Amino acid sequence: MRMGMKFRLCGTAAQAKHFLVAALVLVFLVLSGSQNANALPAFARKYGLRCSACHESWPMLNYFGQKFKDNGYQLMNDRDAPIWQNPGYWPVTFRITPIWHRVSTGKVAVDQGTGITRITTSGFDLSGLDFHTGGTLEKNISFYVLPSSDNTASFHFETVMARLDNLFGSPWLNLKLGKFELDNLLSEKRILTLTGNGGIYQLYHFVPVGDGNIFGQMGDNQLGLEVMGHSYNDRTRYSAALLSSTDGNVGLPYGNAYTGFFTISQAFDAGKMGVDRIGAYAMIGEAPTYYLTQTASGVTTPIGGSGISNKSFHREGFVGQFYFGQHFDVQVVTQHGWDNAWFGQGYGDLIGGTAPNNNLPGTTLPAGSQAPSWNGVLVEPHYVYSPQLIFIGRYETIRMSQQANGSGSATPSASNLGNISTYTVGFRYNPFMTSRAGFAWHNEYNWLHQDGTGPLVGANGLNVNTSELLTGFDFDF
């Protein structure tokens, strides 16, 4: 699962190059003394599998690992039910990452000097803590609970779900209820990167500049009900989820609105190349733009759960996993996104404080208002030297195709406002991974560019470049 990291980005290309060269030399010097890798502790203690059985590289799943997960963390044998396990078995894994990182953010507005400067900081730090527990309550009844904290030990429930597996004796029908990761073929919760911007998929979280819709973030765990099914060999998969439009926030803070998330994919044997998979997804929903208010002592606040005047949004795209032999693969995600014009004008997450506007009765949209839309693509190649050493790359780009403030607006937006380009490179080296603990030496560099989101100069904001260089020990036990 993805750690609770919210780090900003940093570093320079030259420093990254020297750092990575030195790190690679050290990796290859110690390769000859490496041990064979085993599985993640929580399930390795139950089944005794090696890391390479389920993971392309910990924590990213391979084909068999995805099938194990789709079966409800079961191998479909007589060891699945916990009653047959050693009484001392406890399916728990802790994960945390001490790091050193250098963060550099450009175009920051300050009171001194010219009023705009770059701020660079470096030092030792911590990630958040993930406390995983999952498995089976009985054969074909699965669960997963993940209390997770940020790096100040402020906890929340990242995942809480129970699943009924293989209903009516068929893998085509499995029912999940709770808070869970959406069925993204490229999982952000098993992402191999850790920097602030490189440690998430920008495509899964993109919100146009000034937009009030926080409800369409595919990378956030959501509250809802999911029906999922697959063929016996897991080549064909589908899922359909009904979600509360709360972006995973508990306590019904918004109103009565729902979102659907749908996926379908098909794997095929490419011979010596490997087992490839292609698929598609769609997120289609609505969320409130108007909240009833209450005034006390001269202060007007929105009332939780009172959201109405729901407006629509959607995200859809294609996904692919392509293997080129035993060591190299490329994963691809595309996306087209669209928000209703009300979201584009800042209506939506009023309670969360993100959106400044409340769609009160009689409110009309400003002249020139449009529904914002965008297109994006994510390409992530991996070179797996061995289950212990993986080299990682990623390129993401998101381009606005229509801004919320069109040419008829009093202040039309530049056509490129909010566009993102980001690059991530790195490697993870696992000197060991036993049934009791795992350890990875992680090294990564990320660079992100966004158009027009810096301090205003004239009518337009400056482009912003940010970067981060990170090294650390990622371990679980």
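User: Which residue in β24 stands opposite R95?
Analyst: This is a predicted model: local features need pLDDT of at least 70, side-chain atom pairs count only at pLDDT 80 or more, and totals for chains, interfaces and linings use all residues. Numbering runs from 1 along each chain as its sequence is written, and side-chain values use heavy atoms, without hydrogens and water. Strand β24 (residues 464–476) pairs with β3 in the antiparallel sense over two bridges, where pairing means that DSSP finds at least two bridges between two strands. In β24, the residue opposite R95 is D476.

User: What is the bridge partner of F94 in β6?
Analyst: Strand β3 (residues 92–96) also runs antiparallel to β6 (residues 130–138), joined by four bridges. Within β6, F94 has as its bridge partner F131.

User: How far apart in sequence are D474 and R95?
Analyst: Their side chains form a salt bridge, 2.5 Å from N to O (a Lys or Arg side-chain nitrogen within 4 Å of an Asp or Glu carboxyl oxygen). D474 sits in β24 and R95 in β3, distant parts of the chain. Both are buried, which means under 20% relative accessible area, with over 50% exposed and values in between partly exposed (1.4 Å probe, protein chains only). The separation of D474 and R95 is 379 residues.

User: Which residues are linked in a network of salt bridges?
Analyst: The structure holds eight salt bridges. The network joins R95, R428 and D474.

User: Is E468 buried or exposed?
Analyst: E468 lies in strand β24. Its side chain makes a polar contact of 2.7 Å with that of H101 (N or O atoms within 3.5 Å; within protein, one able to donate a hydrogen and the other to accept it, with sequence neighbours counted only if both atoms are side-chain atoms). E468 has a relative accessible area of 0%, so it counts as buried.

User: What relative accessibility does D183 have?
Analyst: D183 meets R237 in a salt bridge of 3.1 Å, N to O. R237 is in β11, D183 in the loop between β9 and α5, 54 residues apart. R237 is buried at 4%. D183 also counts as buried, because its relative accessibility is 10%.

User: How many residues apart are E158 and K189?
Analyst: A salt bridge joins E158 and K189, with closest N and O atoms 3.0 Å apart. Both residues are buried. E158 belongs to β8 (residues 155–164), K189 to the loop between β9 (174–180) and α5, and the separation is 31 residues.

User: Which residues touch the most other members of the largest nonpolar core?
Analyst: A nonpolar core is a set of buried Ala, Val, Leu, Ile, Met, Phe, Trp, Tyr and Cys residues joined through side-chain atoms within 4.5 Å. This one has 28 residues, and elements giving two or more include β7 (141–149) and β13 (275–287). M218 touches L182, Y204, F261 and Y281, among others, beyond four places in sequence. The residues touching the most other members are Y204, M218, F261 and V333.

User: What share of the contacts with a separation of 6 or more comes from residues 24 or more positions apart?
Analyst: The fold has six helices and 24 strands (DSSP runs numbered from the N terminus: H or I of at least four residues, E of at least two). Contact means heavy atoms within 4.5 Å. For residues 24 or more positions apart, the share is 66%.
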